[in-house]
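Reader: Could you take me through one buried spot in this chain, up close? I'd like to see how a single residue sits within the whole.

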Amino acid sequence: MGPDAAAVAERALLLLCLYQAVGAALFIALYRSQVASICERARRLGGMAAVCGLALALLQLPLTAARMAGDYSGLHDARLLRLAMHSSQGLSCALLLTGLALLAIGLLWRRALAAAWVGAAIAVCAPALTGHTSVHPQRALLVPLLVLHVLVGAFWLGALWPLRLTVRLERSAVAAAVLQRFSKLAAWLVPCIALAGFGMAYALIDDVSVLQRPYGLLLLGKLVIFAGLLGLAALNRWRFAPVLAAAPARARSALQRSIVAEYLLIAAVLVMTATLTTLFSPED
Amino acid sequence: MSARAQARRAGQLWLLGWFWLLWPLAAAAHAHLKQSQPAEGAVIAAPAQFTLSFSESAQLTALSLKKAGQSPAQELGPLPAAAGERLSVPAPRLDPGSYELRYRVISADGHIMAGSVHFTVTAP
């Protein structure tokens, strides 16, 4: 595996860990009074994700140096490592490390939960400090859109595992209430992902012919998966959740399967995002 | 400091952070190769140097030359210490044959771009 492919894999896993950790912190903030025991598990999962994210974020600059060299000799090339550190990726990486460290402390140490929320706020800003967003003339529009895109995406992904546990372990009435509350909130927030995505694409893409090239094809792929995710979310909200009280066993297993499918689809979107942002640009 | 004052201070710092994040920069997006010496597909006498011209200022991070049918590629240097739109590197002595000049640059937005230029050197 060359350094380019390794950087894509590292970024995809890092995004997954970041979204999981930030999402866990948000889920706990919203639902700890309703499902305390589930939030306890979400806290541990989010904390582990933050620790894994920290390890992956530490690899980011050495991998950038390897990509600059075109082979792994860059890993120990002092000039390239210094260049990577002083590039916009260095700043973004520093912010990400700070955010993930606070998330790990806040989620793994119960008394410091507030640190996790501060960490989440810092970590979601990190991707906006590098790449197109960081230097584009319409930066004032792109930065808030990207932060919103990441924040809501993390809320969605991070809520899925605790929701699955809620469906599996909690009483039907509690699970139905939590799902209903999540669905209501998601109905407002999830369209923000699409709106922010369209806004960024509108600012970054000058020529529609880009949709025939790798950057555009990956964007379209993300859009198709997003449509599938909306379909699954609608199925959960209008078909499975309402019958949770009447036919608990069937609804519970259907909901769990559907939530796992949502998780895998969002993970696929993150792999596409990592590929898109590492290897391609709208101008290619 | 009271809790309210602490919250106000945190809010001020947050706003300051956003202001800094949103402060517009002069640079645009990725650097793309606009022109090269030798040009893509050129058939020329051995060049004295290689010159790459980019759409934006870029920092050259790797440059290598591979002759067709031979491996490994030869690393070229010294590379320019500073970023620029037009980057030149002295060429080694080249025998007649087909060559691929491979480059990697990092642009202002931190993106790494890789590319190559193919050319043929003729006998003098």
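Author: Happy to! A useful yardstick to begin with: the radius of gyration is taken over C-alpha atoms, and the globule rule is 2.2 Å times the number of residues to the power 0.38. Keep in mind that this is a predicted model. For 284 residues, a compact globule would have a radius of gyration near 19 Å, and chain A agrees because its own value is 19 Å. Along the principal axes, the C-alpha atoms of chain A fill a box of roughly 65 × 45 × 35 Å.

The chain is built from 10 helices and 0 strands. Buried residues account for 54% of the 284 in chain A. Of the contacts between residues at least 6 apart in sequence, 75% join residues at least 24 apart.

Now for the close look. A:Leu96 is found in helix α4, which covers residues 88-108 of chain A. Its relative accessible area is 6%, and because buried means under 20%, A:Leu96 counts as buried. Who are its partners? Setting aside neighbours within four places in sequence, A:Leu96 is in contact with A:Leu14, A:Leu18, A:Ala57, A:Gln60, A:Ala123 and A:Ala126. You can also find A:Val124 in the view: A:Leu96 and A:Val124 are 28 residues apart in sequence, with 8.0 Å between their C-alpha atoms.

Stepping back to the outside, chain A exposes about 12,400 Å², with carbon and sulfur atoms supplying 70% of that area. As for charge, chain A has 23 positive and 11 negative side chains, and the centres of the two sets lie 19 Å apart.

Key: Residues are numbered from 1 along each chain as its sequence is written. Chains are lettered from A and ligands numbered from 1 in the order in which they are written. This is a predicted model: local features need pLDDT of at least 70, side-chain atom pairs count only at pLDDT 80 or more; totals for chains, interfaces and linings use all residues. Side-chain values use heavy atoms; hydrogens and water are left out. Helices (H or I, at least four residues) and strands (E, at least two) are DSSP runs, numbered from the N terminus. Buried means under 20% relative accessible area, exposed over 50%, partly exposed in between (1.4 Å probe, protein chains only). Contact means heavy atoms within 4.5 Å. Accessible areas come from the Shrake-Rupley method with a 1.4 Å probe; for residues, only the protein chains shown count as cover. Lys and Arg count as positive and Asp and Glu as negative; His and the chain ends are not counted. The place of a charge is taken as NZ of Lys, CZ of Arg, CG of Asp or CD of Glu.
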